[in-house]
Amino acid sequence: QLQASGGGLVQPGGSLRLSCAASGSILKINVMGWYRQAPGKQRGLVAIVSSGGATTYADSVKGRFTISRDNAKNTVYLQMNSLKPEDTAVYSCRIWATQGPYWGQGTLVTVSS
């Protein structure tokens, strides 16, 4: 019910935009967000956005990443700029809806020259 897209290979300093669309019988969505898991590390929060547009970012991505959402499309975006090799990870979207939380499948982002 969550379809993520936009991952790929990018050079350091480059940009990517991830998208995650919720579909199906999902009712009201409250919070939408992105997490990531780098090789050999635990999954951690990247950014979240509330239904009202309030945002929270991990310190490591502040000033470089921007999370946004389109409530009409039940879609959350992650604009990633000034990418660094340490941003390499599998990025997964997560939503908190009235029925509970949902995870989307991951999309791989590789930052390498």
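Relative accessible area sorts residues into three classes: buried means under 20%, exposed means over 50%, and partly exposed lies in between (1.4 Å probe, protein chains only). The model is predicted, so local features need pLDDT of at least 70 and side-chain atom pairs count only at pLDDT 80 or more, while totals for chains, interfaces and linings use all residues. Residues are numbered from 1 along each chain as its sequence is written, and side-chain values use heavy atoms, with hydrogens and water left out.

We may start with strand 7. Strands here are DSSP runs (E, at least two residues), numbered from the N terminus. Asp70 has its place in strand 7 and is partly exposed, with a relative accessible area of 23%. Its C-alpha lies 9.7 Å from that of Ser51, at a separation of 19 residues in sequence. Arg69 is also found in strand 7, which covers residues 65-70. Arg69 is buried yet has no salt bridge, and Asp70, the nearest side chain of opposite charge, is 8.2 Å away. For this purpose Lys and Arg count as positive and Asp and Glu as negative, whereas His and the chain ends are not counted. A salt bridge requires a side-chain nitrogen of Lys or Arg within 4 Å of a carboxyl oxygen of Asp or Glu.

What, then, does the side chain of Arg69 meet? Its side chain makes a polar contact of 2.6 Å with the side chain of Asn71, and one of its polar atoms lies 3.1 Å from the backbone oxygen of Ser50. A polar contact is a pair of N or O atoms within 3.5 Å; within protein, one must be able to donate a hydrogen and the other to accept it, and residues adjacent in sequence count only if both atoms are side-chain atoms.

Turning to the charged pairs, the salt bridges number 3. One of them joins Asp87 and Arg36, with the closest N and O atoms 2.9 Å apart. Asp87 lies in the loop between strand 8 (75-80) and strand 9 (89-97) and Arg36 in strand 4 (residues 29-37), so this pair ties together parts that are 51 residues apart in sequence. Arg64 also forms a salt bridge with Asp87, at 2.7 Å between the closest N and O atoms. Arg64 counts as buried at 10% relative accessibility, and Asp87 is buried at 1%. Salt bridges with shared partners thus join Arg36, Arg64 and Asp87 into one network. Asp59 and Lys62 meet in a salt bridge of 3.0 Å, N to O; Asp59 is exposed at 64%, and Lys62 is partly exposed at 48%.

Technical notes:
Helices (H or I, at least four residues) and strands (E, at least two) are DSSP runs, numbered from the N terminus.
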